[in-house]
Amino acid sequence: MPDKSLSGEVFIPSDEVLRHVHVRDWDKLIGEAEKDLEGFWSREAHELHWFEHWDKVLDDSHKPFFKWFTNGKTNIVYNCLDRHTQTARRNKLALMWEGEKGEFRSFSYFALKRETCRFANVLRSLGVQKGDRVTLYMGRIPELMIGMLACARIGAIHSVVYGGFTVEALHERLEDSQSKVLIVADGAYQRGKIVPLKAIADEALQRAATVESVLVVKRTGEAVNMESGRDMWYHELMALPIAGMQCHIEVMDAEDPLFILYTSGTTGKPKAILHTHGGYMVGTYSTLKYVFDIHDEDRYWCAADPGWITGHSYIVYGPLLNGTTSFMYEGAPTYPYPNRWWQMIEKYGINVLYTAPTAIRGLMRFGEAWPNRHDLSSLRILGSVGEPINPEAWKWYHRVIGKGRCPIMDTWWQTETGMFMITPTPAVTLKPGSGTRPFPGVKMDVLDEEGKPAGVNEEGFLVIKTPWPAMMRTIYRDPERYKAQYWSKFPGAYLTGDSARKDEDGYYWVIGRVDDVIKVSGYRLGTAEIESALVSHHAIAEAAAIGLPHDVKGNAIHTFVIVKAGVEKSEKLIEELRAHVAHEMGPIAKPDSIQFVDSLPKTRSGKIMRRVLKARALGQEPKDLTTLEE
Ligand code: WTA
């Protein structure tokens, strides 16, 4: 038994859990994949439908531009929908949805396919073709899923912009992707209030030129401005004969783009991470199946937002590829009361709950009485993603929500990886706060500054050393940046941007970002974006943003600003600046604090030294100041 030999506090899988799992001997599968990477992924890919078989599983002749399942022909939507509608699963629920106000909607696989086809026909009638970009900007409503699937069905590339972003963030993404069509909701409910998505989009559209058509989904029914010749109601188009129920599916090459998703990186503007139909499909299918041990009778709930990668991979594609029943909830976890989530778990009989540490910590604050009021016995497996989970939150989640029965899948991955990379399965012995070891076929390591493997428990750069099918293929329209950012620091290794350590049992402990990315409530934000939102205000000359530890959010945003000559430094200006950032980028980017300063620490080449600001704010001595200008 390897379990007894593991050091530290461990949680051993129960017999009940072990009896259920797809693969009991996880180490064996890891070993097999290590010996034969292509064989492992080929077997996984064979569980899905291909119009034409691939020639090669992995083509690494143009590193770091890897290709998977070369010349294979498929369409991820065929595997998400059509494949199931040809079996008894056609009547199975694909999606159950609850609105913040308590409304309920559901779609069988048959119905989800039909709605997807109808909407795909609408998009085609608007001239959307294979390769065109379509931006979607909505709250958590079924139309977002239908919209994404409709794009993919006809080979269009979707670009989902998180509904919590606002004007400039949306504008930037519309412009960079050169989207032809924008699909937007009139508004979204959030804690009983309405976020006016269409009005925000109108402002962004004034700044963006490429959008020809705007489709508006009615969610709130509030009055919106409809610009004639550009804006159309979704429900009106869906009622027209053009929205026929059959829709020819585009046969896609495995390497054809499926979507782009913007994420924050080390420097500058957010970058469009590109994923494909073939490899991404195999990776998300396989990881979800093993890690959340998906079986046909399951009711699965990933509480993320489809606007982020977690939602793409594990609300939309992974669950549908596995033919599971997913639950989606529109609103806030504590609205109207802190038992909302627990109530819905009981009401819908959820078996798997996948969420983020920040949500756990937020709900923990309200005490055990709220979850204890509900029957949570349907839960079998719990999941965590987005940031390191502190052992205290892990144990609360395990004891109070999982009643000590449910293993916690702490999954480490990124927008770029597309799928889980470091993760346990329910058959693996857990240590609170560690994602355990890499998924089969994935080789990772922790390296020191020179690129040598770090010692046991020594902190270093987390890297990935083997290609994997769901890996990003490039940064859309910027392949040079893809190479420079991810593949240049250490030869042959993919740089994750995280620091981590590996313990004596080979378990990974992710510490956090080492670059200029701040994880706020699990959301990934770039210091550069926050800073540019600040300097877009007329009173501000320069700005710097850093993340500092926060009990619930993981990190809080602290900023330093230099005002322009003659501007008065006042409380009023601080409030104005916070509101300005919320308006330009989104409420999630609103700084927790703004401090007026007369200068910022910079390198001789003029780059802001955020680590110096951070060390000072934490009352520490900044290390290595040799490059500091002053
Ligand atoms: C962090 C989210 C610790 C990490 C899927 C990574 C985690 C970044 C974990 C990617 C985890 C994600 N433990 N840290 N289980 N999962 N992270 O692109 O810093 O929004 O690099 O993808 O989140 O964030 P992204």
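In which strand does E542 lie? E542 belongs to strand 28, which covers residues 540–550. This report, which concerns a predicted model, begins with that residue and then turns to two sheets, a hairpin and the surroundings of the ligand.

## Residue E542

The relative accessibility of E542 is 28%. Since buried means under 20% and exposed means over 50%, E542 counts as partly exposed.

A comparison of sequence and space can be made with A208. E542 and A208 are separated by 334 residues in sequence, and their C-alpha atoms are 26 Å apart in space.

## The sheet of 7 strands

One open sheet consists of 7 strands in the order 5-4-17-16-18-19-20, and its pairing is mixed. Its edges are formed by strand 5 (104–108) and strand 20 (408–410). Each of these has a single partner strand, so one side of each is left without a neighbour in the sheet. On average, neighbouring strands of this sheet are turned by 20° against each other, direction ignored.

Within this order, strand 16 (residues 299–302) pairs with strand 18 (residues 352–355) in the parallel sense, over 3 bridges. Y300 has V352 of strand 18 standing opposite.

## The sheet of 4 strands

Another open sheet has 4 strands in the order 21-22-24-25, with antiparallel pairing. Strand 21 (444–447) and strand 25 stand at its edges; each has a single partner strand, and therefore one side of each lacks a neighbour in the sheet. From one strand to the next, the twist averages 45°.

Strand 24 (residues 494–502) and strand 25 run antiparallel and are joined by 5 bridges. K502 has Y508, in strand 25, as its bridge partner.

## The hairpin of strands 26 and 27

Strand 26 (residues 517–520) and strand 27 (residues 523–526) run antiparallel, with 4 bridges between them. One pairing links V517 to G526, the latter in strand 27. The hairpin has 2 residues between its strands, and S521 takes a positive phi near 50°.

In a regular strand, side chains alternate between the two faces of the sheet. In strand 26, V517 and K519 point one way, while I518 and V520 point the other way. All of these residues are buried, the lysine K519 included.

## The ligand and its surroundings

The ligand has 17 residues around it, of which D410, T411, T415, R513 and R524 come nearest. By type, the residues of this shell divide into 6 nonpolar, 5 polar and 6 charged. Helix 12 (309–321) and strand 25 (508–513) each contribute at least two residues to the shell. Strand 25 is also an edge strand of the sheet of 4 strands.

Several polar atoms of the protein lie beside atoms of the ligand. A nitrogen atom of the ligand is 3.1 Å from a backbone N or O atom of G386. A polar backbone atom of E387 lies 3.3 Å from a nitrogen atom of the ligand. The side chain of R513 has an N or O atom 2.8 Å from an oxygen atom of the ligand. On its own, the ligand has 530 Å² of accessible area, and the protein covers 97% of this.

Definitions and conventions:
Residues numbered from 1 in each chain as written. Predicted model: local features only at pLDDT ≥ 70, side-chain atom pairs only at ≥ 80, totals over all residues. Heavy atoms only, no water. Buried < 20%, exposed > 50% of the residue type's maximum accessible area, 1.4 Å probe, protein only. Pairing = 2+ DSSP bridges. Axes fitted to C-alpha atoms, helices over the stretch in contact; angles between N-to-C directions. Near = heavy atom within 4 Å. Polar contact = N/O pair within 3.5 Å; in protein donor to acceptor, adjacent residues only side chain to side chain. Areas by Shrake-Rupley, 256 points an atom, 1.4 Å probe, with all protein chains shown as cover. Nonpolar A, V, L, I, M, F, W, Y, C, P; charged D, E, K, R; others polar.
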